[in-house]
Structure formats: structure tokens, C-alpha cells
Amino acid sequence: MRAARLIKMVLLLQSRPTMTASELARELEVSERTVTRDAQALSEAGVPVYAERGRAGGYRLVGGYRTRLTGLGRGEAEALFLSGVPGALREMGLEDVASAARLKVSAALLPSLRDAPRAAAQRFHLDAPAWFREPAAPALLPLIADAVWDDRCVSARYRRGESEVARELEPYGLVLKAGVWYLCARVRGTASGAAAEEVAGAAAEKGAGVFRTYRIDRFVGAEALKDRFSRDEDFDLPGFWGAQAERFARSILRSEVVLRLSPAGVRALPHAVDPVAARDALGCAARPDADGWVTLTLRVESQEVAHTQLRALGPEAEVVSPAALRERFAAEAARLTALYGAPGE
């Protein structure tokens with residue numbers, strides 16, 4: 001977009017005393033002719049771009065000109081990077097600072113570019129929650145979000161089964177997944193008031209440095225502590241979340257189903273079942289038979305879930321085992337035949 005290119009051109013000229021047309025063209029990925037036109041447009045809009053001719057010439061800003069963000073605060077600048085997720089901002093209590101940041105940035109833009117925020121908002125919108133569910137922000141989310149921004153430790157209590165568990169956490173980051181908020185945090189201490197299975201698993205959590213994921217809507221209480229933590233700069237929030245999500249997906253797949261799939265069934269499998277399970281199963285599948293059908297072992301959450309998911313594959317899948325699931329599909333097929341009749345009848 002030309003507006004973004006003009007802003008980048010001004011910022012480039014602010015960062016260097018002089019740039020040639022070829023240097024600007026290379027940085028902006030345009031022709032030198034376009035650089036000339038853009039420099040003229042900036043000059044006409046009041047940005048003092050000056051062109052010097054000759055071998056040592058180029059473009060520069062006159063009089064130390066600089067763009068300014070008119071008092072943009074740190075919190076406003078941080079919120080601005082999340083402004084494409086209005087629902088998330090509102091739930092974290094950052095809607096007002098984001099609005100102020102957008103106004104200040106708009107005021108700093110050239111007159112010819114001030115419709116850029118509105119133009120972008122008219123063209124792009126992110127709706128994070130899943131379909132057919134009413135999003136509800138956890139009551140403690142704003143407190144947790146403040147602690148994440150401030151690198152401040154948190155004392156939290158959350159539900160785990162029928163028990164309540166207490167933790168002191170170093171809150172590293174928040175993730176919004178399908179309308180559900182999660183906290184990625186490093187554990188500072190061990191459990192208190194934990195259920196037996198939690199105590200048994202606490203060995204993996206003893207001491208600082210263990211990262212875990214918590215659903216915010218399961219927190220029953222939280223308090224920001226006075227002390228701050230030193231953030232591990234090597235911590236990669238997207239990478240950590242991706243690994244945790246895949247580990248969780250595998251942990252709930254406790255049963256197995258042996259299937260035969262047609263070529264169409266192979267293509268449809270990742271859309272009918274858990275993508276991680278489908279990828280693992282297809283990666284270990286036997287070679288296709290003479291008709292192109294493959295046999296594979298699919299990990300599933302339960303036979304009941306498998307029955308619901310595999311229905312979507314219809315005649316492109318045959319359950320080989322377990323026998324109970326195969327018999328269930330056979331009985332269902334007989335009922336369908338009774339309803340619709342055999343082909344040709």
C-alpha cells in the first residue's frame with residue numbers, strides 16, 4: 001500500500017542522513033521512478049524532503065525534521081500492537097488505552113494518510129471465539145493481564161477436579177484460543193491443598209523454572225504480589241503454546257481404532273478427526289492395496305467420540321476393530337438400508 005510505503009520512506013530518511021534513489025528503491029522494493037514520485041508527494045504534503053543531484057547526491061530531510069507520536073505512552077504503544085483484536089483488548093481492560101493510542105497515531109500521520117486506520121478497520125477484523133458459543137471473559141483476566149504486562153508475580157488458586165490448588169506463578173504470557181483464555185506461567189513453588197494426584201505430580205513442578213499452562217476461567221482467586229520476576233528472554237510464547245497444545249491433544253487420545261480408508265477417506269480424515277491423530281496415523285499407514293485403500297491405526301479419545309467423528313467419512317472408511325465399534329457401524333448401515341432401500345430398488 002502506498003500509505004505504508006510513504007511512512008517507511010520518511011522513517012528511512014530519519015534514520016540516515018542521506019539515501020540515494022537506488023537505495024530507497026531497494027529498501028522500498030519499488031522503482032527509482034516511484035521513489036521520485038513518492039518524494040514529491042511527501043514534499044507536497046509538508047514533509048521537507050530535499051533532493052540533491054550529483055554523484056554524492058540523494059534524498060534527505062531538511063532541518064532535522066522528525067515525525068512524532070504526540071506523547072504516546074508505553075502502555076498505549078503496547079496496546080496498539082493488539083488493536084486488531086478488539087474483543088481481547090476489552091476483556092483484558094485495555095480498550096481505553098488502545099483507543100487513545102490510535103487517536104495519537106492518527107494525529108501524527110500526514111493529512112493524506114489519516115484515513116488509513118479507518119480503511120484498515122473496514123477491511124480486516126479478527127473474531128476469535130468459536131462459532132455457536134457466547135464468549136465470557138473471566139473475572140480475573142484484567143488482574144492477570146496487568147501482571148503479565150508488569151512482570152509481576154501472582155499468587156493464584158484454581159480448580160483442579162474436585163480440589164483447589166494454590167500456586168505462586170511468574171505469568172509470562174496470555175493465549176486466546178477459540179474464545180478461551182490461557183495463562184502460560186512459570187511455577188515458583190509447590191502445591192498447597194492439592195489433590196493426591198496433584199501432589200504425586202508435583203515432582204515435575206518443584207522449584208522455579210517449570211512452565212505450565214492454566215485456564216483463566218478455572219482460577220477462583222488471584223493476587224498480584226509485590227515482587228517482580230526476571231523474564232527468561234529465551235522463552236518463546238508461540239513455540240511453547242504450540243508444543244503444549246500438541247502434547248494435550250495426544251494426552252486425551254487413549255483408545256485406538258483400526259481403519260481401512262479409500263483415497264477419498266485418506267484426504268478427508270484430517271478434517272473429520274483430531275489433526276494430530278490423523279497426521280500420526282497417516283504417517284504410519286500401510287501401503288495402499290490394489291484398490292487404493294490403506295489400513296491404519298488411529299488414536300481416538302474414546303469409541304463414542306470415534307463413532308461420531310468417523311460417521312463423517314461415510315462409505316470411505318471401514319472400521320476393522322474394535323469389534324464393538326464395527327458392529328455399531330454395521331447396525332447403523334442396516335438401519336439406513338431399511339430407511340432408503342438397497343440400491344436399484
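This is a guided tour of a predicted model, with suggestions for what to select at each stop.

**Stop one: the largest nonpolar core**

Begin by selecting V257, L259, L261, L269, L296, L298 and L310, which, among the 21 residues in the largest nonpolar core, touch the most other members. If you then colour the elements around them, you will find that strand 8, helix 11 (263-272), helix 12 (275-283), strand 9, helix 13, strand 10 and helix 14 each supply at least two residues of this core. Which element gives the largest share of this core? That is strand 9, with four residues. As general background, nonpolar side chains in soluble globular proteins tend to be buried together.

Stay here and select V257 on its own, setting aside residues up to four places away in sequence; the residues that V257 touches include L296, L298, A306, L310, V319 and L325.

**Stop two: helix 13**

Two of those partners, A306 and L310, take you to helix 13 (residues 303-310), whose buried residues are A306, H307 and L310. Turn the view until you look down the axis of helix 13, and you will see that these buried residues fall within an arc of 100°, so they line one face of the helix. What do the buried residues of helix 13 pack against? Their partners are strand 8 (255-261), strand 9 (294-300), strand 10 (317-321) and helix 14 (323-340).

**Stop three: the second largest pocket**

Next, select Y182, T213, R215, R218 and F248, which lie nearest the centre of the second largest pocket, out of the 18 residues that line this pocket. The elements that give two or more residues to the lining are strand 3 (152-160), strand 6 (210-215) and helix 10, and helix 10 provides the largest share, with seven residues. The space in this pocket comes to about 780 Å³, and its lining, sorted by class, has eight nonpolar, three polar and seven charged residues.

**Stop four: D232**

Finally, select D232, which you will find in the loop between strand 7 (219-228) and helix 10 (237-251). Is D232 buried or partly exposed? With a relative accessible area of 31%, D232 is partly exposed, because buried residues have under 20% and exposed ones over 50%. Leaving aside neighbours within four places in sequence, D232 is in contact with Y172 and R186. Add R186 to the selection and compare the two positions: D232 and R186 are 46 residues apart in sequence, and their C-alpha atoms are 10.0 Å apart in space.

Conventions
Residues numbered from 1 in each chain as written. Predicted model: local features only at pLDDT ≥ 70, side-chain atom pairs only at ≥ 80, totals over all residues. Heavy atoms only, no water. Buried < 20%, exposed > 50% of the residue type's maximum accessible area, 1.4 Å probe, protein only. Arc of directions from axis to C-beta. Contact = heavy atoms within 4.5 Å. 1 Å grid on protein atoms, 1.4 Å probe; cavity = no way out; pocket = protein on both sides within 12 Å on 5 of 7 lines; lining within 4 Å. Points joined across faces, edges and corners; volume = space filled by probe spheres on them. Nonpolar A, V, L, I, M, F, W, Y, C, P; charged D, E, K, R; others polar. Core = buried A, V, L, I, M, F, W, Y, C linked by side-chain atoms within 4.5 Å.
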